[in-house]
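Thanks for asking me to look this one over. Here are a few friendly notes on the aromatic rings and their neighbours.

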Amino acid sequence: MNLIAAVFNMKGGVGKTTTVYNLAAGLVKFKQARVLLIDIDPQGNSAAALGIPIWELKTQLKDVLQRRCSINDALVHTESGVDLIPSNLILAEEEIPISGLPGREVLLRKAIEPLVENYDFILIDCPPNVGVFSINALMASNGVIIPVDMSYLGLLGIAGIERTLNLVKDYLDHGVEIKGVLATRFDRRNKLSKEVLNSLNKKFDKKMLSCIIPETVKLREAPSHSQSIFDYDPKGVGAQAYRQLVDEVYQWL
Ligand SMILES: Nc1ncnc2c1ncn2[C@@H]1O[C@H](COP(=O)(O)OP(=O)(O)OP(=O)(O)O)[C@@H](O)[C@H]1O
Ligand SMILES: [Mg+2]
């Protein structure tokens, strides 16, 4: 079975987008996998990082969710080889009308049905909240990848993530497996990074991904060049860590 994974954490700035677009690009580059990235965050960051001019979109995810176009009409083939359903801020402007549609929690799941068999991996970049878009991402997914930054508040946010997954299971009858918890923004000079990592290892045990994403300016710079870390700084520590993530995620197939 293919993997449909939401990259989810309600906390902002933990590295969801950095993870999703580099993972998608790496799965294509190193594994020749067929990958679709769905940007359900109105910030449009993963689309932008893949070099898509997000203010010039003729069709985008919100049109698909509102059933104004087919998913194929919104599909973009990016230079990286990753296929993309992009978004921009107009998705946020349409949040209230979309929330009023019948079957509002499963709009994305229904919309991607015609495409699911075309891909090995469908990765969904979630916004930093638990609104209708994150719920749609979880309802469309069979697994979730949780990036957690190495901060006290990052650790504190775990309970909220678990609560959301339980709500989706109990009230919407959809179990989403935690496929992996990813330590991000790790600074080895920093005691707190090590303490947070220890706590995560204790809590999640085998669910912890063995790669650790370091804090490095190259990961911050790569999107401004519309490049994945594998093209922008192929020998750096960021590329090495995300390459390891590609290997680990590919094994889930
Ligand atoms: N490992 C890292 N090293 C250095 N900078 C990073 C790293 N990961 C992410 N960043 C930077 O931190 C910022 C937030 O990262 P990112 O956008 O990936 O987080 P996010 O969880 O998607 O945020 P949001 O919740 O707003 O969608 C970005 O400027 C990004 O370039
Ligand atoms: Mg993001």
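1. Let me begin with a charge and a ring: the charged end of Arg-243 is placed over the ring of Phe-30, 4.1 Å from the ring's centre. Please keep in mind that this is a predicted model.

2. How many aromatic pairs does the structure hold? There are 2 aromatic pairs. One of them joins Phe-30 and Phe-230: the ring centres are 5.0 Å apart and the planes stand at 90°, so this pair is edge-to-face.

3. Where do these two residues lie? Phe-30 belongs to helix H1 (residues 16-31) and Phe-230 to helix H13 (residues 229-232), so their pairing ties together parts 200 residues apart in sequence. As for exposure, Phe-30 is partly exposed, at 28% relative accessible area, while Phe-230 is buried, at 5%.

4. Phe-121 and Tyr-250 also form an aromatic pair, and this one is tilted, with 6.3 Å from centre to centre and 40° between the planes. Phe-121 sits in strand S5 (residues 121-125) and Tyr-250 in helix H14 (residues 237-250), so a strand and a helix that are 129 residues apart in sequence are tied together by this pair.

5. Is Phe-121 buried or exposed? Phe-121 has a relative accessible area of 0%, so this residue is buried; the cut-off for that is under 20%. Its partner Tyr-250 is partly exposed, with 32% relative accessibility.

6. Finally, here is another charge over a ring for you to look at: Lys-203 lies over the face of Phe-204, at 5.4 Å from the ring centre.

Technical notes: Residues are numbered from 1 along each chain as its sequence is written. Chains are lettered from A and ligands numbered from 1 in the order in which they are written. This is a predicted model: local features need pLDDT of at least 70, side-chain atom pairs count only at pLDDT 80 or more; totals for chains, interfaces and linings use all residues. Side-chain values use heavy atoms; hydrogens and water are left out. Rings of Phe, Tyr and Trp (its six-membered ring) pair if their centres lie within 6.5 Å; planes under 30 degrees apart count as stacked, over 60 as edge-to-face and the rest as tilted. Helices (H or I, at least four residues) and strands (E, at least two) are DSSP runs, numbered from the N terminus. Buried means under 20% relative accessible area, exposed over 50%, partly exposed in between (1.4 Å probe, protein chains only). A charge sits over a ring if NZ of Lys or CZ of Arg is within 6 Å of the ring centre and within 35 degrees of the ring normal.
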